[in-house]
Structures are given as C-alpha cells and as structure tokens.
Amino acid sequence: MDEKYFPEQIENKWQQRWSETGAFEARENDSRPRFYALEMLPYPSGFLHMGHVRNYAIGDALAWFKRLQGFNVMHPIGWDSFGQPAEQAAIKRGVNPRDWTEENIVHMRGQLQRLGISYDWSREIAAHRPEYYKWDQWFFLKMLERGLAYKKVSQVNWCPKEQTVLSNEQSSGGICWRCGTPVEKRDLEQWFLRITDYAEQLVADMKQIEAGWPEKVLKRQSDWVGRSEGAFIDFAVKDSDKKIRVFTTRIDTIYGATAVVLSAEHPLLPELLKDSALKSDVETFAEKVRNEKAIRTDLAEEVEKEGLNTGVLAINPFSGDTLPVWVANYVLLEYGTGAVMSVPAHDERDFEFAQKYSLPIRQVIAPATHDQLRSEPVATTAGDSSAEMKHSFTDYGVLINSGEWGGKPSDVAIKEMAAHAQQNGFGEAAVTYRIRDWGVSRQRFWGAPVPVIYCDNCGMVPVPYDQLPVVLPQTAAFTGTGESPLAGVAEFVNTTCANCNGPARRETDTMDTFVDSSWYFFRYLDPQNTNAPFDPEIAKQWTPVDQYIGGDSHAVMHLIYTRFWNKFMRDIGMVSFDEPVKRLLTQGMVTNRVGDTDEWKAMSKSLGNGVDPDEMIAAFGADAARLFVLFAAPVENELRWSDTGIEGAVRFLRRVYTMIWKWQQRLATGGGEPPATEFSSEARTLRRKTHQTIAKITSDFEQLHLNTSVAALMELFNQLSDFNADPARASDADVFAVREALEALVVMLTPFSPHIAEEMWEGLGHPGGLLAEARRWPIADPELARREELEIPVQVNGKLRSRVIAAPDVSEDDLRAAALADDRVRSLIDGHEVVKVIVVPRRLVNIVIKS
C-alpha cells in the first residue's frame, strides 16, 4: 500500500488480480447458500454513459454484499445484441451489422471491466450468435407444437421510420417505442404468440410477487392485461339476421342504453352498411378514424370524441327499445368486442359523446340511499332525463327504470341479469382482457430467423430440431424499404422441404428482439449447453432470480414477456415455478443538461448529454464514479449528474485511504485481540458507532437503501476522525477500537468502491483479498450498538422544562421518578397538584399540574 492514493494504479492492480483468480465466478459444486443478482442486459449501442453505470453499480453493490455475507453469487452479463440500430447502421453507413455489433461489444465490455463490475465473464452470452438464437428457434418450435405460435393476416402497427412491425406494447400511445414516430396501420401476414392464453395467470400470479415488485410496475401490468369481469350481450340488428355482440362490465345499466357504438374496424360494419343510405359517409368517416386512431384507450380519451350515425338500428334485448348504431373513434377493436352499448347516464365517455351529438341520457341507477340522491330530480319512469343530469353517475347503486330489476342493488342485478341473458340465449357472463397476442414477426435482417419453411406440396413445415439453428447469412442488401432483407438472399431463402425433399422457401421474417431477452437469464446458468437451452436441474439451483434491476420503461414489454415465457417453460417442464423474479428494482434515470439549456433529460446518445464513464475513470477513478452514483440519490429516484458531486466522492476516498495509511504500522503490532484494560469513554463511543453502523448498513442493503448506507459510512469515518488518537501513543484498547472500526469501514465500503477497499484491506494486514474467507461482512453486536444513555425531555404542562439522563432499558416507573426528582422540575411543580405523569418510554415525560 503506497502512501498516496493513485486510483488508476490501484484499479488496474485489482482488476488484473480478480481476472487471474476468477474471483467472481459462480461455482456449481459449492455448499454455500446461493444468490442470483441480475441487471437487465445492455444493448451494445457502442458506448456506456453514466446512466448505465448507475444500473450496473447498484447490482454490483448487492453482489458484493452477498459475497461478503458468505453467499455463492451468480452475477452474469451478456448482450441483447439483435435489433434495429445495427440494421440502421448498415443502411446509413454501409457497415455489416455483425461487425458493428461485435466491435461495440468489445468496447462496452472494456468499459464494464474498467469500472470493475464484478461479473462472471465466463458466462457471457450474446443474442446475435447462433449458439444463442438456436434456442430462440427451439422455443418457437415448442410453441408451434402446442398451438401457441400461429400466423395470420392482421392489421399491425407499422413504424414508417424504422420500417418494421411493432407489438401493441412497443407502440403504446400510438408512437414507436424506439424512435417516437407516429405509428401507422398495415395489413400483413404475421407470426403471433398466444400470450392471451396466459392472461389470467399474468394477473393472478401477481400475488406471488407483490411483496418484492414495485407497486407501480404491477399496476401498469395489470392495466395492460386489462382483466374485466362482465357480460357479453347480443343486440339484434333490426330487419336483419345479424347481431352485434357487446361486452359490458355494467349490465345493470343496460336499460339506460341509448345507442350501440362500433369501432371503425369492426368486422360487421361493411355488412351493416350494405343497404344504408349513409354508407359512403360512414365509410369515409371510418377510414379517417382508422388513420388517426390511437392505440391506447387512455389516449383516445384525450382527443375530442367523434362519431357518425350509420342509419342502422339495433334492439335492446332487455327493454326491447330500438337504438341507433353509431361508429365512433373512442371505441377500440382491440378491447372487448369492438362494440359498446352507450349508457350516457352512467359512463363518462358516453356522457360526453351523448352531449355532443344530442343523444338521450336515461338514468337507470340511483344512489343506494335516499339521503344520497342527487339534488336534481331523478326520473322514476323510463325516459329521457338528460335535462336532469349534469354529469354521469358511475357508482353502483339501486336500479330504477329497469323493468323487473327495478329496486335491486347493482351487485345483485348484475348476477341476475347475466344469468337471464344466458337463459334466454342473448348473452352470458364473461371475462375479457385488454392484452392481445404478441406479434413477433419483424421484417428485418438482424434478428433470429423464424424456423419454418414453405413447400408447395406440404405447406408450412417446421424446421426439424436437428437442423437448428437456421443461421443468418453473412450479409444482405439493406434497402430500408420495409421488406425483409433476407428475401433477397437466394442462398438463404431457397432450401429443401424436410418432409418431401422437394424445393422449399424459408420464412424471411425474423423474431422480435424481446424474444431474446425473455429467457436469457436462464442461459447464463448453462451457457455452454449444446443439447438444450439450459439444464433444468441447474436452473432449479439458481432460479427464480433473487434480485432483478433495470429500467421502469420495460414494465409492460420485457417484464410481461419474460413472465409469460417462464410460464410456458413451466408448462414444458423446464422450470417448476410460476414467476421468474422474486424481487424487482426499477432504478431512477440519471439526467443531465441538454446542451447549454436548463432542460434536464435522461442521458442519451441522441441528445448528446451522456457522460462517458471512461472520462470519469481517467479523471477521478472508477471507485469514485461508482460511489457518487450510489450516494447522490435513492436508487429509485432520478439522479441529476454533478461534476462537483464526483469530486466530493474522490475526496472522501482519499481521506479514508490516508487514515488507513496513518494507522497501518501501529495496527500491524497490536490491537488484534480484546484488551485486558478497560476502554476509554472515547473508545466505547467509537465501538458503539461502529456496531450501530454495521447494523444500519446491513439492514439498508436488504432494502437497497444504498445512499443512506454511504451516508452511514461517512458518519463512521467522522467518528474515527473525532477519535483523534495518536497511533504511536494509543493504548491497546484504543488500537482495538480503531482496528474494529477501520476494518468494518473498509469491508462495508467494498460494495461501493471495491478496488480501494481491496487495497486498504491488504494494507491492514490481510493478504489474499476480501473474498479469501467464506464470510467477511461484519456482524453487529446488539449490546455494543445500544446507546449507553438516553437524554429524555421532560415537559410540564406540555412545555419543555428539563432533561434527564437514563439508561436505554429504564423502566417507566424509574423514568417517572427521575423526572419528578429533577431539581428544575421540582422548582416548577412545588406547591401544585400533579394531576398525572405521562411517560412515553425512551422518548418523553410530560407532567400535568393544576395551575
């Protein structure tokens, strides 16, 4: 250990040592308890910025903490290396996507290694390599066998800039998730995965993870799956044999229906318009809506509602009323049946629509008690009550104007009316879901090829398992026109049918890259397996993942897909559990100013506000960079980048290093065993602070409260500084207290700044590194951590009048007696009647007297 702190020299030394010894490799034949720490794998875009560093530093801190506690830790890394940016680079710069990707991986791997992130590099994977995507194809074939993968012509979300298909999740809000371009609709033949078969499980199984996942993530997933309990009801079209099926969660309001409203894409619409005098106008309007339509319901609610009467009539099966059939932009084909019964009196959207187009508003639900009746008159017979309602009444209540169900509570009527509909053949109770099947076809080169072929004799034929992987060609012509570049590679397209040996054509679509990331963390466990994606017995030892860390932006894409994929793997016997991740942390973004403005946005290559970690390492060292991003804000919160903040981090590390150097020689000659002499009061105070800090940081780590852990380390260091003992003259007792504090400080600093911690640990006389022993993390002694005495405020009639000193375990009776005996208190209460003495244990005494 040198006298001066030189970060570059220390960090190079320990990175080389860790690499040579395989310090971070997870061991299969190891009796220690296991822990799987995982960060979302990066896309190899070319460089990391400090926003990425925060994610990896959080995971690394946890991995170090668990290792030091004696766990056998799995902490792997890989590359989500398929995707559109590589293909865009090929189009714009004429480079091969494979070469571009591999070069980026080399650079980013170097950045992570220079940061000293404790990854097990022996398990590194990359999605673009055939030995990985072979298993994407294997899973696809398994889904095809079970009917979970299928192909159909469908109206899809198309990004005109990226020239590719997007799933509903990737086009949320009507814009491309990657580039922000407005999404268009196109009819294409596409491959889908039946995620809807697992919709109920995706909702129900949230109970298994709600204790470990952020509530906001589960809420977004629940909203996206969109489970709704209600009923299907068929409205017969007047003078036709057609029926319009609607889904409603409020069948109790059906007597208040004043229209049936269809989405612009409703498949029945062309047939309904055949004899309508308004056919041309409605078709023009429907086309306009289709072109402008947003993807999500909540976005639709933000635009002005527009509709058009089709001239067609439908019959309410409960009331027999004849209702007009409209087309409107706020009804979405993706949800329910693409048709709704419009009940303006009891639905906010319908109310707004009815007011705009002067549709009747008929109240059929009243508040449950007369005391709750609205101040406006309430109609007691069926009819138009629009003049009486100022807004919709959406609560449950008591039915009115509802035939034989009048007077019944909503919850009772809902069950009875659904049963009535089913008994009479015009409806049934039902559960619907907002989520739609996952469209996985992409018209790209840079993705895993879909493993099917097309034969004129045999039709669609799955590629045999023993012919996997279907390998991408070395290159293709990248036109950017939207057609798959693979279609132009004759040696790829032309093949032989596995059934009849006749000529056949390969599928030229590739798979959505979210396929690659849906199961990757299982491949880490068994990355060299050539016979299966992974060995289920190995997976059983390590999964579910103990802690997953990544961005909140993946709440309804990657995190839903990976839950679905896990359930499928369970169903084919690969895993035995329902949920892949026990605990999830969605870390806050690191923001920085955009140019010379005062606008702060998440670090991004496109915005030019990213901070290169290599520059920070060169200027301050990896340890200081890591310490700053973990200390500057709670991990869930936004972190604003600050150069002065990282300067403060390096100053703290230098001060700790200097203190270790100051005590190094003295600690080498003593202080290893508890002294025979008594500790001084200063030494007792230091020991108490040491054990309080151990207890706090150990507890904080379990909740990933990392910023408060760093603050506690700084407080302990300040206590050491205040101790101010001269190493040359310090007693054995003082030396013991200092050694205990310094060793605890260094070990607990390790998860945040591991290189300097290793160097200081060695300087304290411990060769072999911090991981040489099975368990190194200090254990707090509760007795030593207890405060030796408490200062208890004493109030008289609620006003602070004095303080008394008491032991932490003082009884209420003793605390009451001490307060009453206090000289200052006695001078105030003498001559007055003490009405009562209120004791809050360990906190407060309040004496109430008569004036």
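Here a student and a tutor talk through a predicted model of a protein.

Student: Let's start broad. What makes up the protein in terms of helices and strands, and what does the C-alpha trace span?
Tutor: There are 28 helices and 32 strands, and the C-alpha trace spans about 105 × 90 × 55 Å along its principal axes. The exposed area is about 36300 Å², with carbon and sulfur atoms supplying 47% of it.

Student: How many residues are there, and what share count as buried?
Tutor: The protein has 851 residues, and 56% of them count as buried. As for contacts between residues at least 6 apart in sequence, 73% join residues at least 24 apart.

Student: How many side chains are positive and how many negative, and how far apart are the centres of the two sets?
Tutor: You'll find 94 positive and 120 negative side chains, and the two centres lie 2 Å apart.

Student: Why is Val327 called buried?
Tutor: Buried means under 20% relative accessible area. Val327 sits at 0%, so it counts as buried. You'll find Val327 in strand 12, residues 322-328.

Student: Which residues is Val327 in contact with, leaving aside its neighbours within four places in sequence?
Tutor: Among them are Val261, Leu262, Leu269, Val282, Phe285 and Leu308. Gly621 is another story: Val327 and Gly621 are 294 residues apart in sequence and 63 Å apart in space, C-alpha to C-alpha.

Student: What makes Gln664 buried?
Tutor: Its relative accessible area is 18%, and the cut-off is under 20%, so Gln664 counts as buried. Gln664 belongs to helix 21, residues 643-668. Leaving aside neighbours within four places in sequence, Gln664 is in contact with Met1 and Gly763.

Student: On to sheets. Why is one side of strand 6 and of strand 17 left without a neighbour in the sheet?
Tutor: These two belong to an open sheet of 4 strands in the order 6-5-7-17, with antiparallel pairing. Strand 6 (164-166) and strand 17 (438-439) stand at the edges with a single partner strand each, so one side of each has no neighbour in the sheet.

Student: How do you know that strand 5 and strand 6 pair?
Tutor: Two strands pair if there are at least two bridges between them. Strand 5 (residues 149-159) and strand 6 are joined by 3 bridges, so they pair, and they run antiparallel. If you want a spot to look at, Cys159 stands opposite Thr164 in strand 6.

Student: What lies across strand 5 and strand 7?
Tutor: That's helix 5 (residues 130-145), which runs at about 85° to strand 7 (184-193).

Student: What is the order of the open sheet of 3 strands?
Tutor: The order is 27-26-28, and the pairing is mixed. Strand 27 (600-602) and strand 28 (639-640) stand at the edges, each with a single partner strand, so one side of each is left without a neighbour.

Student: How do you know that strand 26 and strand 27 pair?
Tutor: Same reasoning as before: the rule asks for at least two bridges. Strand 26 (residues 590-593) and strand 27 have 3 bridges in the antiparallel sense, so they qualify as a pair. One of the bridge partnerships links Thr591 with Ala602 in strand 27.

Student: What do strand 31 and strand 32 form?
Tutor: They form a hairpin, with 3 residues between them. Strand 31 (residues 834-840) and strand 32 (residues 844-849) run antiparallel and are joined by 6 bridges. Ile838 has Asn846 in strand 32 as its bridge partner. In the turn, Arg842 has a positive phi of about 70°.

Student: Which residue in the loop between strand 15 and helix 13 has a positive phi?
Tutor: Asn401, with a phi of about 50° although it is not a glycine. Its loop runs between strand 15 (398-399) and helix 13 (410-423). Asn401 has 11% relative accessibility, under the 20% cut-off, so it counts as buried.

Student: Why is Leu704 called buried?
Tutor: Its relative accessibility is 2%, and under 20% means buried. Leu704 lies in the loop between helix 22 (681-702) and helix 23 (706-723), and its phi is a positive value near 55°.

Student: Where are the cis peptide bonds to Pro469 and Pro544?
Tutor: One joins Leu468 and Pro469, with omega about 5°; Pro469 is in the loop between strand 20 (459-462) and helix 14 (490-493). Another runs from Thr543 to Pro544, with omega near 5°, and Pro544 lies in the loop between helix 17 (536-542) and strand 24 (545-550).

Technical notes. Residues numbered from 1 in each chain as written. Predicted model: local features only at pLDDT ≥ 70, side-chain atom pairs only at ≥ 80, totals over all residues. Heavy atoms only, no water. Buried < 20%, exposed > 50% of the residue type's maximum accessible area, 1.4 Å probe, protein only. Contact = heavy atoms within 4.5 Å. Areas by Shrake-Rupley, 256 points an atom, 1.4 Å probe, with all protein chains shown as cover. Lys, Arg positive; Asp, Glu negative; His and termini not counted. Charge placed at Lys NZ, Arg CZ, Asp CG, Glu CD. Axes fitted to C-alpha atoms, helices over the stretch in contact; angles between N-to-C directions.
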